[in-house]
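User: I'd like to check the reasoning behind some structural labels with you. Could you set each value against its cut-off as we go?

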Amino acid sequence: MVSDRARLVRDMVRIRVVEEVLADYYRDEQEMRTPTHFSIGQEATSVGVCAATTPQDWLYTAHRSHAPYLAKGGDLRAMVAELYGKQDGCAHGRGGSIHLVDQAVGFAGSAAILGEMISVAVGTGWAFARDGEERVALTYFGDGATEEGVFAESLNFAAVHRIPVVFVCENNLYSISSPVSARQPAGTSVHGRAEAAGVKALHVDGNDVFAVRDAAEQAVRHCREGNGPFLLELATYRWREHVGPGWDADHGYRSQEEIDSWMEQCPIERATARLRDEEPDIDAAVAAWRVQFHDEIQAAVAYAKERPFPDVDRLLDGAYHPVAH
């Protein structure tokens with residue numbers, strides 16, 4: 001029997017192992033013909049927030065979507081098949097890594113346009129409220145998206161209409177290669193801008209999965225009780241390059257020393273250390289989970305490789321086109 005706190009560690013280990021294996025396949029085989037944005041190092045932001053939701057709560061994400069998809073309960077085999085462009089993928093091989101969807105578990109969708117899903121989540125939350133449903137919409141985005149006009153507009157609209165939407169900013173300090181200090185005025189913050197718009201907000205250590213889960217529970221409860229929107233600014237850091245499987249200390253925009261300092265704050269290791277007193281077998285459990293999830297992702301890759309590509313005759317299925325009269 002896995003305790004609730006150990007389950008958070010387990011779910012982070014699963015995401016870490018899945019993405020590390022996928023990164024290796026992506027680099028070595030060149031069969032996934034899609035841009036991939038990995039969340040290695042950021043697992044606590046997905047696991048902690050999604051632990052506070054139900055399948056009836058709808059989640060939207062931006063391009064760094066694998067981790068929230070899995071944390072929300074998305075189908076791993078369907079995700080991997082999508083990365084390989086196969087018909088059995090969660091978007092039938094038409095969307096790739098940055099267009100995942102599994103509405104059965106409340107993962108409403110992901111998209112690559114900066115800030116695109118922020119307003120969509122606000123619209124979904126508004127629909128929930130107008131229909132009298134106690135459901136919450138959530139949207140993930142990076143610090144770079146907070147500089148888009150849609151972010152300010154969405155905060156304002158959500159605050160005015162008291163919409164049950166949780167804005168989740170994964171602040172990993174960089175918009176591709178531009179640091180926050182080069183893009184946002186000194187002395188300001190994402191959560192501060194939310195508060196100025198009348199939105200309740202918290203700044204949280206995004207590498208502390210327990211703190212993230214507690215803050216997310218507060219945010220979701222706030223929204224579900226009809227108190228309007230909530231923003232979580234989660235301070236975290238991606239270990240790999242912005243897009244792709246590699247490491248990027250040699251690109252010149254951040255140093256190996258900086259990367260190493262954040263790797264020392266590994267969310268999995270921190271959570272494991274926190275649990276050692278109450279869960280004496282946690283280290284053995286983590287080792288066993290790594291083996292279990294390594295086998296799971298290998299099986300998912302094998303499954304994806306065996307599945308067919310979409311039929312050319314069905315290429316436009318799901319695409320909008322006018323009806324001929």
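Analyst: Happy to. Let's begin with the surface of this predicted model: the protein exposes about 14,400 Å², and 51% of that area comes from carbon and sulfur atoms.

User: What makes the protein as compact as a globular protein of its length?

Analyst: The yardstick is the globule rule, 2.2 Å times the number of residues to the power 0.38. For 325 residues the rule gives 20 Å, and the radius of gyration is 19 Å, close to that value, so the label holds. The C-alpha trace spans about 70 × 50 × 45 Å along the principal axes, and 52% of the residues count as buried.

User: Which secondary structure elements make up the protein, and in what numbers?

Analyst: There are twelve helices and eight strands. As for contacts between residues at least 6 apart in sequence, 73% of them join residues at least 24 apart.

User: Why is Thr 272 called buried?

Analyst: Buried means under 20% relative accessible area. Thr 272 has 5%, so the term applies. This residue lies in helix H11, residues 267–275. Setting aside neighbours within four places in sequence, Thr 272 touches Val 9, Ile 282, Asp 283 and Val 286.

User: What makes the link between the side chain of Thr 272 and the backbone oxygen of Ile 268 a polar contact?

Analyst: The cut-off for a pair of N or O atoms is within 3.5 Å, with one able to donate a hydrogen and the other to accept it. The side chain of Thr 272 reaches that backbone oxygen at 2.7 Å, so the distance meets the cut-off.

User: Now to helix H6: how do you know that its reach is close to the expected one?

Analyst: The expected span is 1.5 Å times one less than the number of residues. H6 (residues 149–161) has 13 residues, for which 18 Å is expected, and its first and last C-alpha atoms are 18 Å apart. Just after H6, Arg 162 takes a positive phi of about 50°.

User: Which residues of H6 are buried, and how do you know where they sit around the axis?

Analyst: Phe 151, Ser 154, Leu 155 and Ala 158 are the buried ones. They cover an arc of only 100° around the axis, which means they share the same side of H6. Their cover includes helices H5 and H8 and strands S3, S4 and S8.

User: And which exposed residues does the face turned away from that buried side carry?

Analyst: Glu 153 and Val 160 are the exposed residues there; the label calls for over 50% relative accessible area.

Technical notes
Residues are numbered from 1 along each chain as its sequence is written. This is a predicted model: local features need pLDDT of at least 70, side-chain atom pairs count only at pLDDT 80 or more; totals for chains, interfaces and linings use all residues. Side-chain values use heavy atoms; hydrogens and water are left out. Helices (H or I, at least four residues) and strands (E, at least two) are DSSP runs, numbered from the N terminus. Buried means under 20% relative accessible area, exposed over 50%, partly exposed in between (1.4 Å probe, protein chains only). Contact means heavy atoms within 4.5 Å. The arc is that of the directions from the helix axis to the C-beta atoms. Accessible areas come from the Shrake-Rupley method with a 1.4 Å probe; for residues, only the protein chains shown count as cover.
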